[in-house]
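Visitor: I'm new to this structure and would like a close look at one part of it. Could you take me to a helix and show me what surrounds it?

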Amino acid sequence: MRIRIVDAFTDRPFAGNPAGVLLLDAFPADDWLQKVAREVNHAETAFTHRLPGHPEADWALRWFTPAAEVALCGHATLATAHVLHSTGAHEGPVRFATRSGVLTATPGEDGSFTLDFPTAPLTAAKIPDGVAAALGAEPLAVFDTGPNVGDLLVELADEKTVRALNPDHRSLGAFSERGIIATARAEDPAGGYDFVSRCFFPNLGIDEDPVTGSAHTALAPFWSQRLGRPELTGLQASPRSGLVRTEVRGDRTLLGGRAVTVIDGELLA
């Protein structure tokens with residue numbers, strides 16, 4: 001079967017977040033899906049198949065890291081929508097049935113896609129003992145992001161602090177189900193983005209995720225409330241880097257970006 005590697009939330013190869021994408025006839029055993037994700041060894045591998053006659057969705061979609069299945073993934077959803085459209089497997093908006101409900105990816109005239117995801121519920125939390133030492137910076141505030149995202153969102157003093165982080169990845173795993181989202185307001189409002197973030201997911205076998213769509217379902221409402229605007233752009237300041245356009249619409253958050261196929265091959269196993 002065909003397997004593709006797609007860089008998501010970028011318009012150029014070797015940037016953004018890479019994801020494996022496989023179009024299947026049906027989902028094989030979970031053990032096989034996990035082995036493929038481990039072999040691909042990117043943050044996520046997406047598996048999808050058609051749902052003919054389904055009243056609410058066009059395709060079923062699941063995401064696996066090298067270590068576990070996840071409930072929500074933005075960049076691999078974007079990558080999957082890109083593959084479906086670039087190969088002619090689907091035209092127009094595509095509805096995915098997932099563990100987080102039905103998610104929609106709508107193509108734009110410029111080649112980008114807009115994802116319609118559930119907004120993460122943010123709950124203020126007490127700063128856990130030891131999180132500052134593990135992260136390498138003192139939090140201003142922390143928030144639980146709810147069951148779909150499963151991260152601890154940590155606000156830091158400024159963009160420079162976020163960019164300079166060199167955390168103890170093994171220690172970070174004790175503070176949330178999935179990992180840590182570190183964020184701060186953009187230093188230069190004219191720089192083309194409104195906030196920065198970095199995401200560390202040691203419990204999923206990912207020390208640092210390049211660009212995390214699901215995290216932006218928490219970052220978007222967090223920063224929209226503080227900046228007073230529903231439409232923002234986030235920069236994930238990983239070494240690969242990427243931009244995510246966000247718009248909060250109540251209990252839904254729109255995530256916008258582009259994607260590029262960099263590898264198109266054949267899976268023999």
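Guide: Here is a walk that starts at one helix and then visits the rest of the model.

Keep in mind that this is a predicted model. Let's start with helix α2, which runs over residues 74-86. It has 13 residues and spans 18 Å from its first C-alpha to its last, close to the 18 Å expected at 1.5 Å a residue. Is α2 mostly covered or mostly open? Mostly covered: 11 of its 13 residues are buried. Follow the helix along and you meet them: G74, H75, A76, T77, L78, A79, T80, A81, H82, V83 and L84 are buried. Just after α2, look for G88, where phi turns positive, at about 80°.

Now, what does α2 pack into? The largest nonpolar core has 48 residues, and W63 and F96 touch the most other members. Helix α2 gives the most to this core, with six residues. F96 is a good place to stop, since you can trace its contacts by eye. Setting aside neighbours within four places in sequence, F96 is in contact with T77, T80, A81 and L84, among others. Those four also appear in the list of buried residues of α2. Elsewhere in the chain, the contacts of F96 include T48, A57, W59 and L61, and also G101, V102, L103 and A105. Apart from this core lies another, of 20 residues, including V154, L165, F175 and V196.

For a second covered helix, go to α6, at residues 216-227. Here 10 of the 12 residues are buried, among them H216, P221, F222, W223 and L227. Just after α6 comes G228, with a positive phi of about 75°.

Next, the charged pairs. Side chains of opposite charge can pair when their charged atoms come close. The count for this model is 14 salt bridges. One of them joins R252 and D116, whose closest N and O atoms are 2.7 Å apart. R252 lies in strand β17 and D116 in strand β8, so this pair ties together parts that are 136 residues apart in sequence. R252 is partly exposed, with a relative accessible area of 24%, and D116 is partly exposed too, at 26%.

Another salt bridge links R163 and E159, at 2.8 Å from N to O. These two are four residues apart in helix α4, so about one helical turn separates them. R163 is partly exposed, with a relative accessible area of 42%, whereas E159 is buried at 5%.

E208 and R198 also form a salt bridge, with their closest N and O atoms 2.8 Å apart. E208 sits in strand β14 and R198 in strand β13, so the pair ties together parts that are 10 residues apart in sequence. E208 is partly exposed at 21% relative accessible area, while R198 counts as buried at 7%. There is also a network: salt bridges that share partners join D30, R62, E69 and R99.

Finish on the surface. F14, V262 and I263 form a nonpolar patch there, with about 310 Å² of accessible area together. I263 belongs to strand β18, which covers residues 259-266, and is partly exposed, with a relative accessible area of 48%.

Conventions:
Residues numbered from 1 in each chain as written. Predicted model: local features only at pLDDT ≥ 70, side-chain atom pairs only at ≥ 80, totals over all residues. Heavy atoms only, no water. Patch = residues over 30% accessible without salt bridge, like charges linked within 9 Å, V, L, I, M, F, W, Y side chains within 5 Å. Areas by Shrake-Rupley, 256 points an atom, 1.4 Å probe, with all protein chains shown as cover. Salt bridge = Lys/Arg side-chain N within 4 Å of Asp/Glu carboxyl O. Buried < 20%, exposed > 50% of the residue type's maximum accessible area, 1.4 Å probe, protein only. Expected span 1.5 Å × (residues − 1). Core = buried A, V, L, I, M, F, W, Y, C linked by side-chain atoms within 4.5 Å. Contact = heavy atoms within 4.5 Å.
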